[in-house]
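Me: Please give a close account of a single part of this protein, namely its aromatic cluster. A connected description with the criteria stated would be appreciated.

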Amino acid sequence: MRNEAKHSLILIGGTGATAALGLAYSVYAGRMLGPSDYADFAAAVSLVMFFNIALGPINGTIARFTAQFRARGEPGRIRGLGRAVIRRVAFYGLIVAGGAMLLGSFVAEFLQWRAPLLIVAIAIVYVTVLLSVPRGVLRGVQSFGHLSINTLVEAALRLAGGVALLMFVGGVGAALTAYLLGALAVLLLGWLQLRSVWAGCPVLPVDGTAVKRFTLPLFVMMAVSAGYQNLDMLLVKRCFASEHAGAYGATFTLARTMSVLVTPFTILLLPLLTTLHEQRRRWAGSFLRVCGYFLLLSVGPLLLFYLFPGWIIERLYGPQFGGAAALLLPLAIARVVGFLGHLLALAGVAANRFGFLVVYVPGLAAEIVALALWHDSLAMVVTVVLTVQAVTVAGLCAVSIVQTNR
């Protein structure tokens with residue numbers, strides 16, 4: 001069995017179980033909160049996801065350089081990298097989180113939120129960013145079994161804690177706190193798992209200049225990717241009534257389950273292609289197979305969303321959420337297209353070629369302008385997202401072909 005197939009199966013199992021627990025909690029929260037409060041919950045989770053993706057370069061950089069050091073047989077440098085990054089992330093992240101909380105009232109007013117919800121969301125982002133360091137190392141050494149256990153434990157603790165909090169405390173704040181508790185609990189687990197990576201190895205220094213030079217364009221790439229995946233939910237929360245935003249939130253959450261299918265491949269792709277580049281081996285075949293696996297897995301959910309959109313939403317969330325059921329299929333297709341763009345961008349990152357940004361960044365700018373001009377209905381929002389992201393992916397394919405043939 002090819003390495004990418006074997007690793008993909010492990011990651012599909014882990015992320016599938018993790019996502020099932022995550023979806024179960026989202027559905028439970030929706031039933032307990034109702035459409036209006038669920039709009040706040042869905043927007044808060046979307047904001048957390050936006051920043052987690054935008055700050056994903058921390059994980060991606062660690063994974064990329066860890067894979068490089070592993071390919072060179074330098075575990076001590078992996079340990080040095082992890083130690084240096086966690087110290088900087090903890091210190092500077094705390095400063096940024098404190099500043100964000102001071103500005104929280106302005107953001108909360110813009111998104112029509114209560115300020116305490118934003119404070120909880122910022123705390124979740126901070127802890128998740130800390131957690132991205134051990135997860136980045138596990139990803140880089142391709143220890144996907146340990147990585148899957150880590151994410152699965154977080155989802156299980158979030159579900160158990162969230163059910164208890166919503167039953168005995170209630171409210172959107174309690175629902176969000178479950179995310180914070182789950183991330184805190186597995187932060188220690190992640191560092192314990194790393195003992196097997198560098199056991200007995202001394203800490204070796206890392207060239208910080210090379211890391212910084214790689215990280216900056218990666219930050220741009222991940223911030224843009226976060227925008228593609230989350231801006232529509234934030235716009236709907238800002239511009240539509242709570243009942244409509246809540247219905248869209250349920251549809252958005254279900255469509256985002258397509259991320260379950262792509263996550264194994266986004267985790268796998270960067271260290272896999274980096275290793276192939278380091279070994280001067282061909283990578284195009286591995287990349288195309290990974291994209292093919294993702295598209296093949298997408299067929300089943302898309303078919304269900306086509307045949308039973310209303311039934312799925314109403315059975316999971318209740319009839320009061322069914323208003324946006326017709327949007328489930330096109331929104332899910334938009335997510336698949338957007339994730340293909342993300343995979344193409346990751347292929348460029350693995351090769352340390354960032355020419356794709358000349359398409360990726362303007363594509364997001366075009367989506368923002370288009371959404372600002374055309375958002376008269378929820379259907380129009382989805383149409384704009386799908387159209388712009390499809391054109392962007394076509395442009396990314398063209399850039400990728402040009403760079404490969406150089």
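Reply: The following account treats the aromatic cluster and its ring pairs.

The model is predicted, and local features need pLDDT of at least 70, side-chain atom pairs count only at pLDDT 80 or more, and totals for chains, interfaces and linings use all residues. Residues are numbered from 1 along each chain as its sequence is written, and side-chain values use heavy atoms, with hydrogens and water left out.

The secondary structure comprises 16 helices and 0 strands, these being DSSP runs numbered from the N terminus (helices: H or I, at least four residues; strands: E, at least two). Rings of Phe, Tyr and Trp (its six-membered ring) pair if their centres lie within 6.5 Å; planes under 30 degrees apart count as stacked, over 60 as edge-to-face and the rest as tilted. By this rule there are 14 aromatic pairs. One of them joins Y38 and F321: the ring centres lie 5.7 Å apart and the planes stand at 90°, so the pair is edge-to-face. Y38 belongs to helix α1 (residues 3-54), while F321 lies in the loop between α13 (309-317) and α14 (328-350), 283 residues apart. Y38 is buried at 1% relative accessible area, and F321 is buried at 0%; buried means under 20% relative accessible area (1.4 Å probe, protein chains only).

F41 and Y179 form a tilted pair, with 6.1 Å between centres and 50° between planes. This pair links helix α1, which holds F41, to helix α7 (residues 172-193), which holds Y179, across 138 residues. F41 is buried at 2%, as is Y179 at 14%. Together with Y25 and Y317, the residues Y38, F41, Y179 and F321 form one aromatic cluster.

Conventions: Buried < 20%, exposed > 50% of the residue type's maximum accessible area, 1.4 Å probe, protein only.
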